[in-house]
Amino acid sequence: MSFDLNHKYWISTTKEIGQLLKKQNRLKIIEPPEDKAISFKIFSELYVLYVELVNKLTFIYFNTFQVQKRSVVRTLVENATQQLMFLKEELKEMELSEYIYLDKVLIARKLTPRDLMIWRSPQFLYRRPLDIQNILSDNKLYMNDQEKEESDAKSWSKVAEAVEVVQAHERARQARVYKSNIKYDKKKFLEVKQRKKVTYRFTFKPNQAMSIPVKRTLFTADFIKTDEACNDLRDKNENDEETHNESEIERINQLRDNAARTIQSWWRAYKTKKIYKIRKQFKREMLGIRKTRRLKRPNRFANSVLEMYKNEQKRRKLDEDFEKLIMDERTRLLQMRSPWMMEDISDHIRAWFQEFYDKTGNFHNYPDPVKKGTVLVVIDETMTPLEFQESLNKKPMTKEEMKKLRDKKKAEKRKIRNKIKSQKMKEAKRRLKLKAAGIIDVGFILSDSKPIEKIEATMKQFSIDWRNVDEYLNKNHDPIKSWVTEEQLDIIHHELRELVDEYMRVEYELLRKALADDKKLPYKPEKVKKPKKKKGKRKKKPVDPTADRTLSSLYHELKDEGVIEEVTHRDFDEFISDFNFTADDTRDEDNLTTIGPAKGDIKMVIQESMLGMSEFDIAKPKSILLVGPLNSGKKLLCNIISSELDAVFINLSPEKVLKHADDMNMFLHIVMKVAREFQPTVIYIEEAHRVFFKKVPAELKDSRPTLLAPFIGKKILKPIKKTDKIVLLGTSSMPWAAKPQLKKSFQKILLIPKCDYGTSFLLWLELMTENAADDLESYTYSALARVLQAYNSGDITNNIANTLNVERKMRLKSEALNPREFLEYFLTELDPPLFPPELKMMEKFNKWFGKSNKFQKMRRAMMAIKEAKQKKK
């Protein structure tokens with residue numbers, strides 16, 4: 001992104017933030033709307049606005065290099081994302097579901113559900129330290145250009161070998177075609193005219209693979225088809241006018257004109273048809289009727305991650321320059337300004353002494369370091385000479401009077417505290433009554449939001465600090481030096497004041513002693529109240545049994561044992577699914593949706609759950625369990641999450657853990673140490689219900705699947721802190737076979753819904769387009785999606801891959817693909833035949849999920865209360 005575009009983008013985004021803040025300030029003062037649908041509309045509009053804002057701010061943040069501005073944008077991104085998640089939780093509470101539907105707001109803003117996606121990979125990646133990332137990327141971060149070219153050449157070696165094989169077969173095919181043309185009837189159909197004599201050159205390489213050995217030649221020839229109508233045109237000698245009379249010349253010219261017209265008309269028709277075809281294809285692609293084959297560059301994601309780290313190195317260089325500027329400026333100020341600053345501070349304190357002595361004949365108490373010392377003099381928080389004189393004339397209080405005064409102050413503080421508490425209690429009771437009546441206090445929720453306050457404060461401070469700064473002139477991302485000077489002057493001033501206070505306190509005591517001697521009064525030095533040092537609780541550092549080993553050795557140990565797995569890069573686009581576009585139109589009288597989610601909705605929930613794995617401070621679940629029938633896409637989603645986060649994928653399935661049954665504590669210690677040091681990390685358990693089996697099947701007893709169960713809570717989940725970018729992912733196709741501990745171990749449980757028509761149609765369309773784009777341009781995708789809709793997405797994927805194999809693709813032009821072939825794959829080619837999941841099975845999943853998900857529990861409780869009221873009526 002260019003500097004100019006980023007600058008313009010930032011200006012437009014700041015205007016949008018101002019408009020959004022004005023809208024929120026107006027909403028803070030409105031009365032609570034009695035209709036729940038109005039509250040839902042208000043929050044849904046704000047949610048859509050915050051999605052657009054987060055997308056823009058994230059893009060700006062990762063293209064901003066100026067240090068001081070980057071900190072401002074980061075604060076905005078972090079708080080805007082926190083407010084976005086807060087609004088999402090409020091909408092979930094209203095919907096009583098993990099999924100929200102905002103179709104009416106999206107239609108008004110001319111958006112689609114895909115526009116609500118806020119995942120921007122690799123922009124949301126958590127940045128590992130460069131030395132840690134260098135271990136994972138095979139030392140590519142610190143390579144020079146030559147070393148990087150050699151590394152890339154190795155990764156391209158397999159592709160180069162494949163290209164050589166294809167080239168060899170293609171050259172052999174061309175030679176065979178040429179040979180067959182030579183054998184054809186030359187006199188009638190083929191006439192070969194060579195422009196010049198061709199020299200044959202043998203180019204066969206001994207190690208080159210080919211189907212049949214052929215002689216390679218450099219050959220240039222014109223293949224001209226003989227035609228009686230063209231003989232005269234080709235052999236005509238225009239200079240030989242004597243051999244042709246006028247009528248013959250006229251006939252030939254007419255023949256030429258007719259030929260030109262015919263060629264032109266055919267060319268224009270061909271060109272028009274081609275343009276019409278391109279426009280028709282574009283329209284069909286735009287409407288989603290036709291798809292084109294997606295070409296992906298190899299190592300695209302890995303290269304983008306390395307590019308991101310290059311930008312990170314650039315930012316780090318700017319940060320280092322900024323720190324160096326701070327140190328240089330601090331050193332300069334200490335050398336040039338510190339003596340005069342100390343003198344000014346001491347003169348100011350002496351003048352303060354003089355003022356009080358002249359007006360009261362005494363000295364004001366010297367401020368204690370606990371109260372920031374003589375800073376109180378600067379900000380006028382000490383007594384005036386008149387107040388000090390009155391305090392001197394007062395009789396000293398007795399202990400009883402001092403006690404009464406303290407008690408009185410405590411009583412006043414307690415009264416204020418109780419008043420605030422009672423106000424909060426009244427407010428809470430008011431909101432509980434409103435909530436019981438189904439009314440949501442929008443104004444209170446928005447005014448109580450800390451992220452909104454931080455965004456307002458940041459924008460206000462930005463408008464003050466940057467009003468005289470022309471950002472457009474700073475294309476080299478230089479820091480603003482005057483701000484550094486002001487900040488360091490303030491820091492140095494406070495540091496020097498503490499030092500001067502120590503010296504001036506000695507002078508103050510000498511003056512008091514001299515005054516006491518003059519007045520012949522007893523002298524008693526003042527007690528100095530210094531700030532107490534906070535004693536942190538001494539926590540016993542856990543003993544690290546692998547302290548003598550390097551991180552690289554621990555990482556490679558787990559990798560060699562197969563616990564750390566290599567995951568091929570998958571992105572969220574590969575989880576082909578569609579959204580539920582009808583749920584918003586099927587709301588009941590309580591404004592709740594009556595139709596379940598589609599597969600595209602679950603993808604959005606997973607993306608939002610993973611936002612906490614970015615570098616920003618956003619709440620995230622520690623563990624997620626994906627539940628659904630076999631071949632529904634659970635493992636694919638886990639792979640997508642891992643690869644999109646560029647995470648280390650640690651597989652703790654029972655078959656992996658069994659090898660370490662003898663010393664589980666040591667094994668899990670290494671796993672969690674690697675997970676924490678190499679975060680972001682995904683800890684994966686396949687078919688997690690096996691770990692919590694109610695009754696272990698006889699055939700699985702030897703594999704000891706429940707070995708990990710006692711360690712999940714203490715050794716895996718408990719050590720994960722809020723700031724750690726570690727998540728436990730699990731899948732299950734039989735969750736009812738596990739103990740209730742399964743629900744407790746996973747913080748968020750998501751049910752993969754069954755395949756709907758929209759998802760089924762996209763699967764057939766995109767996967768068949770990827771396999772044979774040109775030959776299956778217009779096909780019965782809708783019929784296939786409708787007939788085979790009940791099958792899981794994994795079953796459909798396997799069907800297309802096996803039915804449209806290489807052999808069948810080669811026969812597509814001669815033998816059209818019959819839709820019955822896909823049905824025969826399920827019924828005849830598989831043993832036993834594969835049928836769609838039974839409705840009873842999906843009901844079983846829904847029943848278990850209803851007892852596990854908090855929103856489903858709330859919805860069922862509300863429906864039960866509603867039914868009870870209807871029965872009473």
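**Notebook: burial, cores and aromatic pairs**

I looked up serine 852 first and recorded a relative accessible area of 16%, so I entered serine 852 as buried. Serine 852 belongs to helix H30, residues 839-852. I noted a polar atom of its side chain 2.9 Å from the backbone oxygen of tryptophan 848. Setting aside neighbours within four places in sequence, I listed Lys743, Ile749 and Lys857 as contacts of serine 852.

I kept in mind that this is a predicted model. For the protein chain I noted a mean pLDDT of 81, with 86% of residues at 70 or more. Over residues 210-236 the pLDDT is below 50, although this stretch has 49 contacts in the model beyond near neighbours in sequence. Where pLDDT is low, predicted coordinates should not be read in detail.

I turned next to the nonpolar cores. The largest has 79 residues, and Tyr47, Tyr50, Ile606 and Met610 touch the most other members. Helix H2 (residues 36-61) supplies the largest share of this core, 14 residues. For methionine 610, not counting residues up to four places away in sequence, I listed Trp119, Ile624, Ile641, Leu645 and Val727. A second, separate core holds 47 residues, among them Ile564, Ile650, Phe667 and Val691.

I then examined leucine 652, in the loop between strand S5 (648-651) and helix H21 (654-657). Its relative accessibility is 1%, and therefore I counted leucine 652 as buried. Beyond four places in sequence, its contacts include Val563, Phe667, Ile683 and Leu708. Isoleucine 564 is 88 residues from leucine 652 in sequence, yet the C-alpha to C-alpha distance is 9.1 Å.

For aromatic pairs, I recorded a count of 24. Tryptophan 352 and phenylalanine 356 pair edge-to-face, with 5.6 Å between centres and 70 degrees between the planes. These two residues are separated by about one helical turn because they lie 4 residues apart in helix H11 (residues 338-360). Both tryptophan 352 and phenylalanine 356 are buried. Phenylalanine 462 and tryptophan 466, by contrast, are stacked, at 5.5 Å centre to centre and 25 degrees between the planes. I entered phenylalanine 462 as buried at 11% relative accessibility, and tryptophan 466 as buried at 9%. I also noted one aromatic cluster, whose members include Trp352, Phe356, Tyr366 and Tyr508.

Finally, I checked charges over rings. The charged end of lysine 314 sits over the ring of phenylalanine 65, 4.3 Å from its centre. Arginine 786 lies over the face of tyrosine 757, 4.3 Å from the ring centre.

Key
Residues are numbered from 1 along each chain as its sequence is written. This is a predicted model: local features need pLDDT of at least 70, side-chain atom pairs count only at pLDDT 80 or more; totals for chains, interfaces and linings use all residues. Side-chain values use heavy atoms; hydrogens and water are left out. Buried means under 20% relative accessible area, exposed over 50%, partly exposed in between (1.4 Å probe, protein chains only). Contact means heavy atoms within 4.5 Å. pLDDT is the predictor's confidence in each residue, from 0 to 100. A nonpolar core is a set of buried Ala, Val, Leu, Ile, Met, Phe, Trp, Tyr and Cys residues joined through side-chain atoms within 4.5 Å. A polar contact is a pair of N or O atoms within 3.5 Å; within protein, one must be able to donate a hydrogen and the other to accept it, and residues adjacent in sequence count only if both atoms are side-chain atoms. Rings of Phe, Tyr and Trp (its six-membered ring) pair if their centres lie within 6.5 Å; planes under 30 degrees apart count as stacked, over 60 as edge-to-face and the rest as tilted. A charge sits over a ring if NZ of Lys or CZ of Arg is within 6 Å of the ring centre and within 35 degrees of the ring normal.
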